[in-house]
Amino acid sequence: MAQVRAPKPSALATPQPARTSAGGSAASVSGQEMTGAQAIIKSLEMAGATDVFGLPGGAILPTYDPLMDSTTLRHILVRHEQGAGHAAQGYAHATGRPGVCIATSGPGATNLVTPIADANMDSIPMVAITGQVAASLIGTDGFQEADIVGITQPITKHNVLVTDPNEIPQAIAEAFYIATHGRPGPVLVDIAKSAQQATMNFQWPERIELPGFNSGARPHAKTVQEAARLLATARRPVLYVGGGVIRSGASAGLRKLTDLSGAAVVTTLMARGALPDSHPQHLGMPGMHGTVAAVAALQKADLVVALGARFDDRVTGKLSSFAPHATIVHADIDPAEIGKNRAVDVPIVGDLKEVFEALVPALAQEHQQHGKPDLEAWWAQARRLALDLRPRVHAYRRRAVQPPARDSAPRRDLRTGVDLHLRRGPAPDVGQPVHQVRAPQLVDQLGRPGHHGLLGACGHGRQGRRTRSHRVGHRRRRLLPDDQPGASSPAPSTRSPSRWRSSTTRRWAWCASGRPCSTTSATRTPTCTRATAPSASPTS
């Protein structure tokens with residue numbers, strides 16, 4: 001039975017020491033009598049959480065009273081539980097810390113299934129806390145009862161049902177540790193309402209017992225040395241980079257290995273931004289939506305080094321015909337991914353940061369002993385394939401193989417210093433080419449991409465769900481469509497429509513009186529709906 005220390009904020013990517021809402025330390029809080037709901041909030045503060053996304057409901061309502069009293073936690077109210085889950089994902093994307101979302105039992109908890117499954121497939125650290133009916137009602141088909149632990153068991157890294165208030169600190173400490181160690185992923189803690197209302201003596205665990213949990217071993221020296229030997233002798237090497245490089249924060253190590261090896265580099269959808277497209281060795285994104293150069297390089301390669309990638313079907317297509325002549329080196333922190341889809345010749349299990357730290361010196365030693373390989377013929381072939389197979393390829397794709405000289409620096413936002421073309425992302429939706437297919441092609445260098453990968457949220461980011469503005473008097477109100485998670489519409493009034501209406505039926509215009517009038521989408525000719533119109537426009 002493995003024993004590890006309980007996670008502290010310093011271990012969860014936050015520099016502050018463990019504090020409570022009153023400013024005390026973990027030791028000063030231990031032994032205090034409080035309700036289970038207060039223990040949930042104290043545990044979140046001890047674990048280093050600062051922001052929580054959620055929507056109140058009956059089974060989780062006892063937790064909201066101490067949450068509102070906390071001076072450490074900030075609660076962001078959403079209009080739909082799915083929005084809370086995706087907001088927690090985005091928070092983890094942007095900060096590198098686990099996102100936290102809260103929902104009630106039954107339909108509130110099941111609304112979190114899509115973001116939980118998405119976080120699991122994209123390796124996003126997330127902690128979901130759901131309320132459950134009282135312990136005496138579990139299994140009786142009580143009001144808004146759902147077995148969310150059973151529902152989410154296949155799509156979470158770990159989940160647990162808590163009916164004893166004394167188990168709350170232990171469960172939340174384990175949740176944060178499991179979500180952030182090893183391969184990141186979502187963890188769900190389902191807490192009965194009776195446990196939230198009961199009293200207990202708070203005790204933050206000093207040690208956590210996790211039978212069978214392996215947070216990741218250091219890469220084996222022999223497999224790293226073999227990978228270095230293959231890189232030093234290959235004539236057509238390709239680095240196949242996946243989202244694991246972003247998750248481990250190993251972009252600097254990837255840049256060192258790229259410059260040292262001289263190999264071609266392809267980055268998957270989840271790895272966009274790990275290496276800038278302007279790098280001369282970057283061929284772009286592989287797969288059915290990728291560049292011709294990236295796909296052709298993988299097919300012609302004699303060595304493919306997969307780094308934090310999963311050999312996804314969008315990249316490989318038919319596995320039996322993918323990179324048929326290549327030797328496969330696969331490095332990943334999750335041993336279950338190695339050999340899952342494609343047979344591997346050299347497996348490396350470990351965090352990619354540690355893999356790069358070991359592989360770069362080993363490759364440099366191989367070059368010192370045997371010299372660097374001549375890859376000019378390989379690069380000439382890669383450029384020829386890109387131009388011959390698709391001579392009318394777009395400029396942004398051709399640039400990945402042969403970057404043109406830039407006469408001037410790229411346009412940048414004077415306030416943020418960010419390239420203006422980067423502000424086109426992120427792309428939350430799937431299923432429409434303008435989102436996940438087009439947007440990643442415009443990302444040059446972005447440390448934490450903000451799009452979804454394997455699952456996504458179908459319809460969540462439709463074109464029609466952009467924020468709309470509507471003029472009311474001398475002011476402008478921002479409206480969202482009805483089905484947007486997180487949307488809230490202004491109260492109905494005589495001066496403005498209560499909700500934005502679809503462009504396929506009727507539009508809103510303004511007549512000379514300054515009041516809203518209806519107009520058909522075909523003619524767009526305003527037809528005044530008022531018998532009399534005042535000469536002066538309404539005031540705000």
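Strand 15 is largely enclosed by the rest of the structure, because five of its six residues are buried, where buried means under 20% relative accessible area, with exposed set at over 50% and partly exposed in between, using a 1.4 Å probe and protein chains only. Strands here are DSSP runs of E with at least two residues, while helices are runs of H or I with at least four, and both are numbered from the N terminus. The model is a predicted one, in which local features need pLDDT of at least 70 and side-chain atom pairs count only at pLDDT 80 or more, whereas totals for chains, interfaces and linings use all residues. Residues are numbered from 1 along each chain as its sequence is written, and side-chain values use heavy atoms, with hydrogens and water left out.

Strand 15 belongs to an open sheet of six strands, paired in parallel and arranged in the order 13-12-11-14-15-16; two strands are taken to pair if DSSP finds at least two bridges between them. Strand 13 (282-284) and strand 16 (346-349) stand at the edges with a single partner strand each, so one side of each is left without a neighbour in the sheet. From one strand to the next the twist averages 20 degrees.

On one side, strand 15 (residues 327-332) runs parallel to strand 16 and is joined to it by four bridges, with V329 standing opposite V346 of strand 16. Strand 14 also runs parallel to strand 15, and five bridges join the two; here L307 stands opposite A331 in strand 15. In a regular strand the side chains alternate between the two faces of the sheet.

Several helices accompany these strands. Helix 12 (residues 251-261) lies across strand 11 (237-241), strand 12 (264-267) and strand 14 (303-307), and runs at about 170 degrees to strand 11, where angles run from 0 to 180 degrees between N-to-C directions and axes are lines fitted to C-alpha atoms, for helices over the stretch in contact. Helix 13 (residues 292-300) lies across strands 11, 12, 13 and 14, at about 110 degrees to strand 13.

Helix 10 (residues 221-233) has 13 residues and reaches 19 Å from its first C-alpha to its last, close to the 18 Å expected at 1.5 Å a residue, a span reckoned as 1.5 Å times one less than the number of residues. Its buried residues are T223, V224, A227, A228, L230, L231 and A232. Among the elements that cover them are strand 11, strand 14, strand 15, strand 16, helix 12 and helix 15 (352-370).

Elsewhere in the chain, helix 2 (residues 36-46) packs against helix 3 (residues 61-69) at an angle of about 55 degrees, with their axes 8 Å apart. In the contact between them, which means heavy atoms within 4.5 Å, A37, Q38, I40 and I41 of helix 2 meet P62, T63, P66 and L67 of helix 3.

Two loop residues other than glycine deserve a look for their backbone. S123, in the loop between helix 6 (113-122) and strand 6 (126-132), has a positive phi near 55 degrees and is buried, with a relative accessible area of 9%. A323, in the loop between helix 14 (313-316) and strand 15, has a positive phi near 45 degrees, and at 0% relative accessibility A323 counts as buried.
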